[in-house]
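Please open the model in a viewer and keep a selection panel at hand. The stops below are given in the order in which they may be selected.

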Amino acid sequence: MGDISEIGNEDTAAPKLPIPGKRNVLITSALPYVNNVPHLGNLIGSVLSADVFARYCRRRGYNMIYICGTDEYGTATETKAMEEHCTPQQICDKYHAIHKEIYEWFDISFDKFGRTSTPQQTEICQAIFQNLWERNWLSENTMQQPYCDTCNRFLADRFVEGICPTPGCGYEDARGDQCESCGKLLNPIELVKPRCKVCRNTPRIRDTEHLFLELPKLKDRLEEYIKFMSVVGGWSQNAVQATNAWTREGLKPRCITRDLKWGVPVPLEKYKDKVFYVWFDAPIGYISITACYSKDWENWWKNPENVELFQFMGKDNVPFHTVMFPSTLLGTGENWTMMKTISVTEYLNYEAGKFSKSKGMGVFGNDAKNTNIPVEVWRYYLLTNRPEVSDTLFTWVDLQAKQNSELLKNLGNFVHRSLSFLAKPSGEGYGSIVPDAPGAEAHKLTADLGERVGRLVEQYVEVMEKVKLKQGLKTAMSISSEGNGYLQDSQFWKLYKDDPAACAIVVKTSTGLVHLLATLLEPFIPSFSHKVLGQLNLPCETLSLCDEKGDVEQAGKPWNIVPAGHKIGKPEPLFSEMKDEEVNYYRIKFAGSQADRIERAEAEAVEVAEQIKRSTISDGVAEKGVEAKRSAEAKQKGKDLPVSIARIDIRVGLITNVQKHPDADSLYVEEIDVGEPAKRTVVSGLVNYITLEEMQDLSLEDAIWKGTEVLQHNTMITSGQSGSRRSDCCDVWK
C-alpha cells in the first residue's frame with residue numbers, strides 16, 4: 001500500500017528545513033481529538049485532504065513538511081478517561097496509537113505525526129502566554145460557571161450538556177462549548193436545562209476567576225491580516241463566511257483558561273490550579289509538534305518571508321484558526337509564519353444521518369480497515385465526494401457505482417488494456433518491450449490526443465495550486481477517459497498487422513499515459529500508483545511533475561514518457577467489481593451506532609455458542625466411518641448458522657496478534673495470517689472463555705478441550721505460534 005518510504009518517515013528521515021530560493025511549504029491538518037476513533041468524515045475533513053496536497057507538493061518538487069498529531073489535552077480527554085475508568089494519560093496513549101495505525105493504513109504521509117502532551121508543548125505554550133501577559137493583551141475577569149455539588153467541582157464546558165438555546169435548533173444534547181447539531185459556539189451557562197455529564201444532576205452557577213485574550217484590542221491588526229491574506233491565499237468561500245460571521249458579531253474577550261487538571265498549567269501563582277483552554281493551546285500544537293520534529297523549528301514558524309503555511313480543517317474549526325490563533329500570534333509581536341491558505345470542508349453525512357464520534361454513527365477508520373475494500377477505493381470515493389462547497393452524502397450504493405464505473409471500467413480498464421497488449425508475446429504483442437515510435441507527432445490521432453492531454457495537465461496543476469482537490473481528481477480521471485477513447489479510435493488490435501508503425505505509436509503513447517496517470521493520481525490514490533509502477537517496472541522517483549525538469553510540458557507528448565526498449569513487469573487487474581450482495585452486507589453491518597453493532601455481535605456470538613454446545617466434537621482418534629458420520633452431522637447443524645454460503649472460505653490461520661476491542665469488553669480484535677500478502681483483522685467473542693495470554697499459545701483443538709466452546713460467528717481460526725498444533729477450520733470472511 002502506498003509509498004512506504006513516505007509513511008511514518010518522521011522516525012527515520014533527517015528533518016527538512018526551509019531552503020532559500022526554493023518554494024517552502026508548511027502543511028498542517030486539524031489535530032484530531034484523542035478521545036475516540038476517527039470516522040470517515042474526520043478523515044476527509046482534514047487529514048486526508050492535507051495528505052493529497054502534501055503529496056502533490058512532493059511531486060512538484062517543493063520543499064515541504066506535513067505536520068499533524070493528536071490533540072490530547074482538555075475536557076474531552078478527562079470525560080473519556082472517566083468513561084473508561086483510567087487516567088487521561090492512558091487514554092491519550094491508547095487512542096494516539098489507534099489514530100496512528102488508522103492513518104498509516106490510509107497511506108497518510110506525515111513528516112511528523114506527534115501529540116500535544118509533550119514538554120515542548122508546555123514550554124512553547126507558556127512562552128506565548130507569558131509574552132501576551134507582559135504586553136497586556138490578557139485580562140482577568142470573574143465569570144459564572146456551572147458547579148456540581150455532587151461531583152464537588154466546577155464543570156468545564158464539555159462536562160455540561162443541555163438543550164441548545166439557538167432559535168430554531170433546540171438540540172437536546174448540546175455540549176457546553178458547541179452544539180453538534182447547528183454548530184453554534186456556546187457557553188455552558190447558556191444551555192437550557194443543563195446537566196452534569198458525569199452524574200446527570202443539575203449544576204448551580206458560581207463565580208470563578210479566569211484569564212481572557214482581549215480580542216477587541218487586537219481587532220485592527222487581525223482584520224488587516226484577514227483582509228490581506230484571505231485574498232492572497234485564496235481562502236475557500238466557507239472559510240471567509242465563517243470568519244466574517246465572527247467579526248461582524250463583534251469580537252469579545254475570549255476566556256483562555258479552564259478549571260481542569262489535564263492540560264498545560266497556567267504559569268501564574270494565582271491560577272496554578274487552572275490549565276489553558278484547549279482552543280488556546282491546541283493550535284500551538286502545530287508549533288510544538290514541529291519542535292519535536294526539528295530543534296530548528298523556528299526556521300519554519302518564524303520565517304514568513306520564505307515559508308507558506310497551508311492549513312486544512314472542517315468548517316467547525318474555522319474561527320479558531322482565522323481569529324483566535326492569528327490573534328494569539330499577532331499579540332506576541334514576534335515574526336510568526338502566519339497562515340496563508342486555509343482549505344475548509346463542509347460535512348460528509350452518512351446514509352440517512354450524520355457521522356458522529358460521540359454517538360458512534362457511520363463508518364470509522366478501523367471499520368474501513370477491517371473490510372475487504374482496498375485503501376485506494378476508500379481514498380478515491382472520499383475525495384470524489386469531498387464536501388468542498390456544501391455537505392455531501394456517503395452511501396454504499398454510490399461507493400459501489402464509483403468503484404465499478406470509474407475505477408474498474410474507466411481507469412483500471414485503460415491501464416490493463418494498454419499494458420496487457422504490450423506484454424503479449426512477439427507475434428501477438430511486443431513481449432513486454434516498449435517499442436520505438438518515430439513519427440508520433442505526425443500521427444494525427446496521437447498528436448490531437450497530446451494536445452488535449454497537455455491542456456488537461458495544465459488545468460490539473462492550476463486547480464491543485466488553488467487547493468481545489470476535487471477538481472484536480474476529476475481532471476486526472478478525464479485523462480483516463482481520453483486514453484480509453486484513443487485506444488478505441490485507433491483500433492490498435494487491427495493496426496498490429498495492418499500498420500505496425502502506427503500500432504507502435506499507439507502502444508508507446510498509451511504506456512506513457514499510464515505512467516502520467518500514475519503521477520497525477522499518486523496524491524489521491526498512492527497505492528494504485530505504486531502498483532502501476534510495479535507493472536511498469538519503474539521506480540518511484542519517476543513520478544515527477546516538476547517545472548524545473550519540464551515534466552508539465554512533457555505531459556503533452558506522452559509518447560516520450562517511457563523510453564523505447566524498456567521492459568515492463570507483469571500486468572494484472574487493478575480493481576475488482578463490487579457486487580450487490582457486498583453492498584447489502586455492508587449497509588446492514590454498519591447500520592445504527594457502534595454500540596448497536598457491538599450488541600448485535602455479542603448476541604450473535606451467544607447464539608453461535610449455543611449451537612456449538614449442541615455439536616459433537618470429534619476426539620481425533622475415532623474410526624474413519626464414525627468421523628465421517630459426525631462430520632456429516634456437524635455440517636447439517638452448520639446449516640442453521642446465519643451465514644451465506646457464498647462467503648465461506650476454508651483456511652488454516654495463525655493468530656499473530658491479539659488485543660482487547662477498544663469499545664467492547666467481551667470481544668478480541670485479532671490479526672490472522674492465512675498465507676496471504678496482508679494479514680486479516682477479525683473480531684471474536686472469546687474474552688470470557690480464553691485469557692489474552694492463552695490466545696497466543698493455544699491451538700483451536702487445545703481451546704476446545706480446555707472447555708472453550710464459544711466462537712463468534714465471523715471467525716473460527718486456530719491460534720498458535722511456530723511449532724504449535726493447528727487444525728483446519730471454517731472461517732467466514734466478511
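Select asparagine 537, just after helix H18: this residue takes a positive phi of about 60°. Helices (H or I, at least four residues) and strands (E, at least two) are DSSP runs, numbered from the N terminus. The model is predicted, so local features need pLDDT of at least 70 and side-chain atom pairs count only at pLDDT 80 or more, while totals for chains, interfaces and linings use all residues. Residues are numbered from 1 along each chain as its sequence is written, and side-chain values use heavy atoms, with hydrogens and water left out.

Next, select residues 526-536, helix H18 itself, where nine of eleven residues are buried (under 20% relative accessible area; exposed is over 50%, partly exposed in between; 1.4 Å probe, protein chains only). Among the buried residues are Phe528, Val532 and Leu536. They pack against helices H1 (40-60), H12 (375-384), H13 (396-423) and H17 (500-521), contact being heavy atoms within 4.5 Å.

Proceed to aspartate 547 and arginine 60, whose side chains form a salt bridge (3.0 Å, N to O); the term denotes a side-chain nitrogen of Lys or Arg within 4 Å of a carboxyl oxygen of Asp or Glu. Aspartate 547 lies in the loop between H18 and helix H19 (551-554) and arginine 60 in helix H1, 487 residues apart. Arginine 60 counts as buried, at 5% relative accessibility. Extend the selection to Arg23, Glu308, Lys340 and Glu465, which join Arg60 and Asp547 in a network of salt bridges.

Finally, select glycine 250, just after helix H6, with a positive phi of about 90°.
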